[in-house]
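The following paragraphs walk through one protein model, from its sheet to its helices, loops and interior space. Please keep the sequence and the 3D view open while reading.

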Amino acid sequence: MTTPSSDAHLSAGSPTDPMLRVENLHVHFPVKHGPIFRKTTHVVKAVDGISFEINKGETFSVVGESGCGKSTAARAILKVEIPTAGSVFWRGRDISDATVEETRSYRTSVQAVFQDPFSSMNPRMRVRDFITEPLLLDKSLSKNDRHARAQEALEQVGLRPEDITNFPHEFSGGQRQRIAIARALASSPELIVLDEPVSSLDVSIRAQIMNLLQDLQSNLGFSYMFIAHHLGTVRYMSNTVGVMYLGKLVEFSESEELFLHPLHPYTQALFSAALPDHPDIVREQVLLEGDVAAATAVPSGCRLHPRCPMAMPHCAEVEPEWKEVTPGHWTACHLY
(Lines give C-alpha, C1' and ligand atoms only; values in the text may rest on other atoms or scores of the structure.)
Protein backbone atom coordinates (compact mmCIF):
# COMPACT_ATOMS: atom_id res chain seq x y z
CA MET A 1 0.00 0.00 0.00
CA THR A 2 1.20 3.51 -0.77
CA THR A 3 1.99 5.60 2.31
CA PRO A 4 3.64 8.97 2.79
CA SER A 5 7.40 8.60 3.09
CA SER A 6 9.16 8.81 6.43
CA ASP A 7 12.48 10.57 6.85
CA ALA A 8 14.39 7.30 6.96
CA HIS A 9 16.57 6.49 3.96
CA LEU A 10 16.53 2.89 2.79
CA SER A 11 19.73 1.49 1.39
CA ALA A 12 19.87 1.06 -2.37
CA GLY A 13 18.43 -2.23 -3.51
CA SER A 14 16.78 -3.09 -0.18
CA PRO A 15 13.98 -5.67 -0.64
CA THR A 16 11.75 -3.53 1.58
CA ASP A 17 11.95 -0.58 -0.82
CA PRO A 18 8.80 0.55 -2.64
CA MET A 19 9.18 0.65 -6.40
CA LEU A 20 9.12 4.46 -6.45
CA ARG A 21 9.68 6.76 -3.49
CA VAL A 22 9.45 10.54 -3.64
CA GLU A 23 10.97 12.21 -0.62
CA ASN A 24 10.52 15.90 0.31
CA LEU A 25 10.44 16.93 -3.36
CA HIS A 26 10.74 20.63 -4.19
CA VAL A 27 10.61 22.11 -7.70
CA HIS A 28 10.97 25.92 -7.72
CA PHE A 29 11.28 28.19 -10.74
CA PRO A 30 13.01 31.58 -10.43
CA VAL A 31 11.27 34.56 -12.05
CA LYS A 32 13.85 37.02 -13.42
CA HIS A 33 13.48 40.62 -14.57
CA GLY A 34 15.83 43.19 -16.07
CA PRO A 35 16.94 44.11 -19.60
CA ILE A 36 20.59 43.10 -19.19
CA PHE A 37 21.49 42.03 -15.65
CA ARG A 38 18.49 39.87 -14.94
CA LYS A 39 17.78 39.41 -11.26
CA THR A 40 15.54 36.88 -9.56
CA THR A 41 12.59 38.82 -8.17
CA HIS A 42 10.23 35.96 -7.33
CA VAL A 43 10.27 32.21 -7.00
CA VAL A 44 7.41 30.04 -8.23
CA LYS A 45 7.04 27.22 -5.70
CA ALA A 46 5.37 24.74 -8.04
CA VAL A 47 6.13 21.76 -5.79
CA ASP A 48 7.12 22.58 -2.23
CA GLY A 49 7.95 19.48 -0.25
CA ILE A 50 5.88 16.38 -1.04
CA SER A 51 6.54 12.72 -0.23
CA PHE A 52 4.80 9.54 -1.35
CA GLU A 53 5.46 5.96 -2.42
CA ILE A 54 4.15 3.70 -5.18
CA ASN A 55 4.35 -0.08 -5.02
CA LYS A 56 4.05 -2.64 -7.79
CA GLY A 57 0.65 -3.07 -9.39
CA GLU A 58 -1.14 -0.16 -7.73
CA THR A 59 -2.49 3.21 -8.85
CA PHE A 60 -1.63 6.34 -6.91
CA SER A 61 -3.63 9.37 -7.99
CA VAL A 62 -2.85 13.03 -7.43
CA VAL A 63 -5.82 15.39 -7.54
CA GLY A 64 -6.15 19.15 -7.19
CA GLU A 65 -6.97 22.35 -9.04
CA SER A 66 -4.99 23.48 -12.07
CA GLY A 67 -1.67 24.96 -11.02
CA CYS A 68 -1.36 23.01 -7.78
CA GLY A 69 1.84 21.26 -8.92
CA LYS A 70 0.56 17.85 -10.03
CA SER A 71 2.12 17.86 -13.49
CA THR A 72 5.36 19.44 -12.27
CA ALA A 73 5.79 16.61 -9.77
CA ALA A 74 5.23 14.13 -12.60
CA ARG A 75 7.80 15.88 -14.78
CA ALA A 76 10.36 15.62 -11.97
CA ILE A 77 9.69 11.89 -11.74
CA LEU A 78 10.14 11.60 -15.51
CA LYS A 79 13.45 13.52 -15.24
CA VAL A 80 12.10 16.33 -17.40
CA GLU A 81 12.43 18.82 -14.53
CA ILE A 82 15.38 18.91 -12.13
CA PRO A 83 14.28 19.05 -8.47
CA THR A 84 15.34 22.07 -6.44
CA ALA A 85 15.55 19.84 -3.37
CA GLY A 86 14.48 16.39 -2.29
CA SER A 87 14.90 13.06 -4.03
CA VAL A 88 13.20 10.54 -6.28
CA PHE A 89 14.21 6.95 -5.56
CA TRP A 90 13.65 4.13 -8.04
CA ARG A 91 13.95 0.74 -6.34
CA GLY A 92 16.01 2.37 -3.60
CA ARG A 93 18.38 4.22 -5.98
CA ASP A 94 18.35 8.03 -6.15
CA ILE A 95 17.81 8.78 -9.84
CA SER A 96 19.76 12.05 -9.56
CA ASP A 97 22.92 9.97 -8.97
CA ALA A 98 22.18 7.44 -11.68
CA THR A 99 24.81 6.52 -14.24
CA VAL A 100 24.14 6.86 -17.96
CA GLU A 101 23.23 3.18 -18.17
CA GLU A 102 20.98 3.39 -15.10
CA THR A 103 19.25 6.45 -16.52
CA ARG A 104 18.63 4.63 -19.80
CA SER A 105 17.13 1.71 -17.89
CA TYR A 106 15.00 4.08 -15.81
CA ARG A 107 13.62 5.87 -18.86
CA THR A 108 12.66 2.46 -20.28
CA SER A 109 10.94 1.36 -17.07
CA VAL A 110 9.01 4.61 -16.49
CA GLN A 111 6.82 5.80 -19.36
CA ALA A 112 4.19 8.53 -19.73
CA VAL A 113 0.85 9.19 -21.43
CA PHE A 114 -0.18 12.83 -21.68
CA GLN A 115 -3.47 14.69 -21.91
CA ASP A 116 -3.80 15.71 -25.53
CA PRO A 117 -3.41 12.89 -28.07
CA PHE A 118 -3.43 15.46 -30.89
CA SER A 119 -0.39 17.40 -29.68
CA SER A 120 1.62 14.48 -28.26
CA MET A 121 2.15 12.89 -31.69
CA ASN A 122 4.31 14.18 -34.52
CA PRO A 123 1.91 14.49 -37.51
CA ARG A 124 4.73 13.55 -39.91
CA MET A 125 5.68 10.40 -38.02
CA ARG A 126 4.10 7.06 -38.83
CA VAL A 127 2.58 5.12 -35.96
CA ARG A 128 5.37 2.55 -36.27
CA ASP A 129 8.07 5.16 -35.65
CA PHE A 130 6.10 6.84 -32.84
CA ILE A 131 5.64 3.59 -30.90
CA THR A 132 9.17 2.25 -31.45
CA GLU A 133 10.98 5.48 -30.56
CA PRO A 134 11.46 4.50 -26.85
CA LEU A 135 12.80 1.11 -27.96
CA LEU A 136 15.78 2.76 -29.62
CA LEU A 137 17.35 2.95 -26.15
CA ASP A 138 17.66 -0.84 -26.17
CA LYS A 139 20.56 -1.55 -28.51
CA SER A 140 19.92 -5.31 -28.34
CA LEU A 141 16.68 -4.99 -30.34
CA SER A 142 16.81 -5.25 -34.11
CA LYS A 143 14.54 -3.26 -36.41
CA ASN A 144 12.36 -6.34 -36.89
CA ASP A 145 12.14 -6.84 -33.12
CA ARG A 146 10.98 -3.25 -32.65
CA HIS A 147 8.45 -3.61 -35.47
CA ALA A 148 7.01 -6.80 -33.93
CA ARG A 149 6.83 -5.19 -30.50
CA ALA A 150 4.95 -2.21 -31.93
CA GLN A 151 2.40 -4.48 -33.59
CA GLU A 152 1.94 -6.40 -30.35
CA ALA A 153 1.40 -3.14 -28.43
CA LEU A 154 -1.22 -2.01 -30.95
CA GLU A 155 -3.12 -5.26 -30.50
CA GLN A 156 -2.94 -4.85 -26.71
CA VAL A 157 -4.75 -1.51 -26.95
CA GLY A 158 -7.40 -2.78 -29.34
CA LEU A 159 -6.04 -1.55 -32.70
CA ARG A 160 -5.09 -3.49 -35.81
CA PRO A 161 -1.43 -4.45 -36.40
CA GLU A 162 -1.71 -3.12 -39.97
CA ASP A 163 -2.42 0.37 -38.55
CA ILE A 164 1.29 0.59 -37.87
CA THR A 165 2.00 2.26 -41.23
CA ASN A 166 -0.65 4.99 -40.88
CA PHE A 167 -0.19 8.63 -39.88
CA PRO A 168 -1.82 10.29 -36.82
CA HIS A 169 -4.39 12.25 -38.87
CA GLU A 170 -5.96 8.96 -39.95
CA PHE A 171 -7.17 8.23 -36.41
CA SER A 172 -9.80 9.64 -34.05
CA GLY A 173 -8.92 11.21 -30.71
CA GLY A 174 -9.67 8.03 -28.78
CA GLN A 175 -7.60 5.96 -31.20
CA ARG A 176 -4.69 8.39 -30.88
CA GLN A 177 -4.77 8.01 -27.12
CA ARG A 178 -4.70 4.24 -27.58
CA ILE A 179 -1.60 4.70 -29.74
CA ALA A 180 -0.01 6.83 -27.01
CA ILE A 181 -0.72 4.02 -24.54
CA ALA A 182 0.76 1.51 -26.98
CA ARG A 183 3.95 3.59 -27.12
CA ALA A 184 4.16 3.45 -23.32
CA LEU A 185 3.58 -0.32 -23.36
CA ALA A 186 6.19 -1.06 -26.03
CA SER A 187 9.16 -0.95 -23.64
CA SER A 188 7.45 -3.20 -21.05
CA PRO A 189 7.39 -0.50 -18.34
CA GLU A 190 6.95 -0.99 -14.60
CA LEU A 191 5.37 2.43 -14.02
CA ILE A 192 3.30 4.62 -16.34
CA VAL A 193 2.67 8.26 -15.47
CA LEU A 194 -0.81 9.22 -16.73
CA ASP A 195 -1.17 13.00 -16.90
CA GLU A 196 -4.87 13.77 -17.45
CA PRO A 197 -5.08 10.95 -20.03
CA VAL A 198 -8.86 11.10 -20.57
CA SER A 199 -9.83 14.70 -19.82
CA SER A 200 -9.79 15.79 -23.49
CA LEU A 201 -11.90 12.86 -24.69
CA ASP A 202 -15.67 12.50 -25.12
CA VAL A 203 -17.45 10.87 -22.18
CA SER A 204 -18.13 7.58 -24.00
CA ILE A 205 -14.54 7.34 -25.23
CA ARG A 206 -13.28 8.29 -21.77
CA ALA A 207 -14.96 5.24 -20.25
CA GLN A 208 -13.42 2.96 -22.90
CA ILE A 209 -9.92 4.26 -22.24
CA MET A 210 -10.33 3.96 -18.46
CA ASN A 211 -11.48 0.35 -18.84
CA LEU A 212 -8.55 -0.34 -21.16
CA LEU A 213 -6.10 1.07 -18.61
CA GLN A 214 -7.65 -1.08 -15.88
CA ASP A 215 -7.47 -4.23 -18.01
CA LEU A 216 -3.86 -3.61 -19.01
CA GLN A 217 -2.83 -3.14 -15.40
CA SER A 218 -4.63 -6.33 -14.34
CA ASN A 219 -3.00 -8.34 -17.12
CA LEU A 220 0.51 -6.88 -17.07
CA GLY A 221 0.93 -5.87 -13.42
CA PHE A 222 2.54 -2.44 -13.79
CA SER A 223 1.77 0.63 -11.68
CA TYR A 224 0.19 3.99 -12.50
CA MET A 225 0.73 7.47 -11.21
CA PHE A 226 -2.56 9.01 -12.26
CA ILE A 227 -2.91 12.80 -12.42
CA ALA A 228 -6.44 14.15 -12.75
CA HIS A 229 -8.95 16.71 -11.57
CA HIS A 230 -12.11 14.73 -12.37
CA LEU A 231 -13.04 13.08 -9.08
CA GLY A 232 -15.19 10.33 -10.58
CA THR A 233 -12.28 9.19 -12.72
CA VAL A 234 -9.94 9.27 -9.74
CA ARG A 235 -12.30 7.18 -7.62
CA TYR A 236 -12.69 4.58 -10.36
CA MET A 237 -8.99 4.26 -11.14
CA SER A 238 -7.20 4.61 -7.80
CA ASN A 239 -5.98 2.51 -4.92
CA THR A 240 -4.70 5.55 -3.07
CA VAL A 241 -5.14 9.31 -3.56
CA GLY A 242 -3.11 12.37 -2.63
CA VAL A 243 -4.76 15.82 -2.65
CA MET A 244 -2.51 18.77 -3.56
CA TYR A 245 -2.95 22.47 -2.91
CA LEU A 246 -0.37 25.14 -3.79
CA GLY A 247 2.51 22.72 -4.11
CA LYS A 248 1.76 20.70 -0.96
CA LEU A 249 0.00 17.45 -0.23
CA VAL A 250 -2.83 18.29 2.17
CA GLU A 251 -4.42 14.83 2.44
CA PHE A 252 -3.63 11.22 1.61
CA SER A 253 -5.63 8.01 2.01
CA GLU A 254 -6.90 4.89 0.33
CA SER A 255 -9.37 5.92 -2.34
CA GLU A 256 -12.67 4.78 -0.80
CA GLU A 257 -11.71 6.07 2.64
CA LEU A 258 -10.92 9.49 1.19
CA PHE A 259 -14.19 9.74 -0.73
CA LEU A 260 -16.28 8.56 2.21
CA HIS A 261 -14.49 10.51 4.96
CA PRO A 262 -12.58 13.53 3.60
CA LEU A 263 -10.80 15.35 6.42
CA HIS A 264 -9.17 18.48 5.02
CA PRO A 265 -11.46 21.45 4.25
CA TYR A 266 -9.93 21.72 0.79
CA THR A 267 -10.74 18.08 0.01
CA GLN A 268 -14.26 18.58 1.36
CA ALA A 269 -14.68 21.63 -0.88
CA LEU A 270 -13.51 19.68 -3.95
CA PHE A 271 -16.04 16.95 -3.28
CA SER A 272 -18.75 19.50 -2.52
CA ALA A 273 -18.21 21.19 -5.89
CA ALA A 274 -18.37 17.91 -7.84
CA LEU A 275 -21.61 16.56 -9.26
CA PRO A 276 -23.11 13.82 -7.04
CA ASP A 277 -23.49 10.25 -8.28
CA HIS A 278 -27.28 10.60 -8.08
CA PRO A 279 -29.52 13.71 -8.22
CA ASP A 280 -31.23 12.78 -4.93
CA ILE A 281 -27.95 12.75 -2.97
CA VAL A 282 -27.72 15.74 -0.62
CA ARG A 283 -24.25 16.79 0.50
CA GLU A 284 -22.99 19.42 2.88
CA GLN A 285 -21.79 22.48 1.00
CA VAL A 286 -18.22 23.53 1.79
CA LEU A 287 -17.39 26.75 -0.04
CA LEU A 288 -13.98 28.39 -0.31
CA GLU A 289 -13.69 32.16 -0.47
CA GLY A 290 -11.67 34.06 -3.08
CA ASP A 291 -9.16 32.61 -5.51
CA VAL A 292 -6.08 30.43 -5.24
CA ALA A 293 -3.03 32.46 -4.20
CA ALA A 294 -0.20 32.89 -6.68
CA ALA A 295 2.63 30.38 -6.37
CA THR A 296 5.00 33.36 -6.07
CA ALA A 297 3.17 34.63 -2.96
CA VAL A 298 2.32 31.57 -0.91
CA PRO A 299 0.42 32.50 2.29
CA SER A 300 2.11 31.93 5.65
CA GLY A 301 0.90 29.20 7.97
CA CYS A 302 -1.70 26.99 6.34
CA ARG A 303 -1.80 27.84 2.66
CA LEU A 304 -5.57 27.50 2.56
CA HIS A 305 -6.31 29.81 5.50
CA PRO A 306 -7.27 32.94 3.45
CA ARG A 307 -10.05 30.89 1.79
CA CYS A 308 -10.94 28.34 4.47
CA PRO A 309 -14.37 28.65 6.19
CA MET A 310 -12.95 26.81 9.23
CA ALA A 311 -9.79 28.88 9.66
CA MET A 312 -8.62 29.72 13.18
CA PRO A 313 -6.27 32.56 14.19
CA HIS A 314 -3.16 30.38 14.40
CA CYS A 315 -3.84 28.93 10.92
CA ALA A 316 -2.35 32.14 9.51
CA GLU A 317 0.85 31.78 11.54
CA VAL A 318 1.71 28.09 11.98
CA GLU A 319 2.05 25.59 9.16
CA PRO A 320 0.02 22.48 10.06
CA GLU A 321 1.84 19.27 10.82
CA TRP A 322 1.47 16.27 8.52
CA LYS A 323 -0.16 13.63 10.71
CA GLU A 324 -1.93 10.28 10.56
CA VAL A 325 -5.45 10.90 11.88
CA THR A 326 -6.73 7.36 11.40
CA PRO A 327 -4.74 4.33 10.19
CA GLY A 328 -3.54 5.09 6.67
CA HIS A 329 -5.34 8.45 6.49
CA TRP A 330 -3.02 11.46 6.64
CA THR A 331 -3.70 15.17 6.52
CA ALA A 332 -2.13 18.55 7.31
CA CYS A 333 -4.75 20.60 9.13
CA HIS A 334 -4.97 22.28 12.54
CA LEU A 335 -8.48 20.84 13.00
CA TYR A 336 -6.90 17.48 13.80
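In strand β10, the bridge partner of Gly242 is Phe252. This is a predicted model, in which local features need pLDDT of at least 70 and side-chain atom pairs count only at pLDDT 80 or more, while totals for chains, interfaces and linings use all residues. Residues are numbered from 1 along each chain as its sequence is written, and side-chain values use heavy atoms, with hydrogens and water left out.

Helices (H or I, at least four residues) and strands (E, at least two) are DSSP runs, numbered from the N terminus. Two strands pair if DSSP finds at least two bridges between them. The bridge just named belongs to the pairing of strand β9 (residues 240-245) with β10, which is antiparallel and has six bridges. These two strands make a hairpin with two residues between them, and Leu246 in the turn has a positive phi of about 50°.

On β12 (residues 329-332), β10 has an antiparallel partner, joined to it by two bridges. Here Phe252 has Trp330 as its bridge partner in β12. Is β10 buried or exposed? Six of the seven residues of β10 (residues 248-254) are buried, so this strand is largely enclosed by the rest of the structure. Buried means under 20% relative accessible area, exposed over 50%, and partly exposed in between (1.4 Å probe, protein chains only).

The wider setting is an open sheet of eight strands with mixed pairing, in the order β6-β7-β8-β3-β9-β10-β12-β11. Its edge strands, each pairing on one side only, are β6 (110-113) and β11 (322-326). On average, neighbouring strands of this sheet are turned by 20° against each other, direction ignored. Axes are lines fitted to C-alpha atoms, for helices over the stretch in contact, and angles run from 0 to 180 degrees between N-to-C directions. At the β6 edge, β6 pairs with β7 (residues 191-195) in the parallel sense over four bridges. Within this pair, Gln111 stands opposite Ile192 in β7.

Helix α1 (residues 70-77) packs on the sheet and touches β3 (59-63), β7, β8 (223-228) and β9, with its direction at about 150° to that of β8. Contact means heavy atoms within 4.5 Å. Six of the eight residues of α1 are buried, namely Lys70, Thr72, Ala73, Ala74, Ala76 and Ile77. Another helix, α9 (residues 265-273), lies across β9 and β10 and runs at about 100° to β9.

Two loop residues have a positive phi without being glycine. Lys79, with phi of about 65°, is in the loop between α1 and β4 (85-90). Its relative accessibility is 27%, so Lys79 counts as partly exposed. Glu196, with phi near 50°, is in the loop between β7 and α6 (203-220). Glu196 is buried, at a relative accessible area of 11%.

How many cavities of 30 Å³ or more does a search of the whole structure find? The search finds one, and the largest cavity holds about 80 Å³ of space. On a 1 Å grid over the protein atoms alone, a cavity is a set of points where a 1.4 Å probe fits but cannot get out, and lining residues have an atom within 4 Å of a point. Among the residues lining the largest cavity are His264, Pro265, Cys302, His305 and Cys333. The lining divides into nine nonpolar, three polar and no charged residues.

Technical notes: 1 Å grid on protein atoms, 1.4 Å probe; cavity = no way out; pocket = protein on both sides within 12 Å on 5 of 7 lines; lining within 4 Å. Points joined across faces, edges and corners; volume = space filled by probe spheres on them. Nonpolar A, V, L, I, M, F, W, Y, C, P; charged D, E, K, R; others polar.
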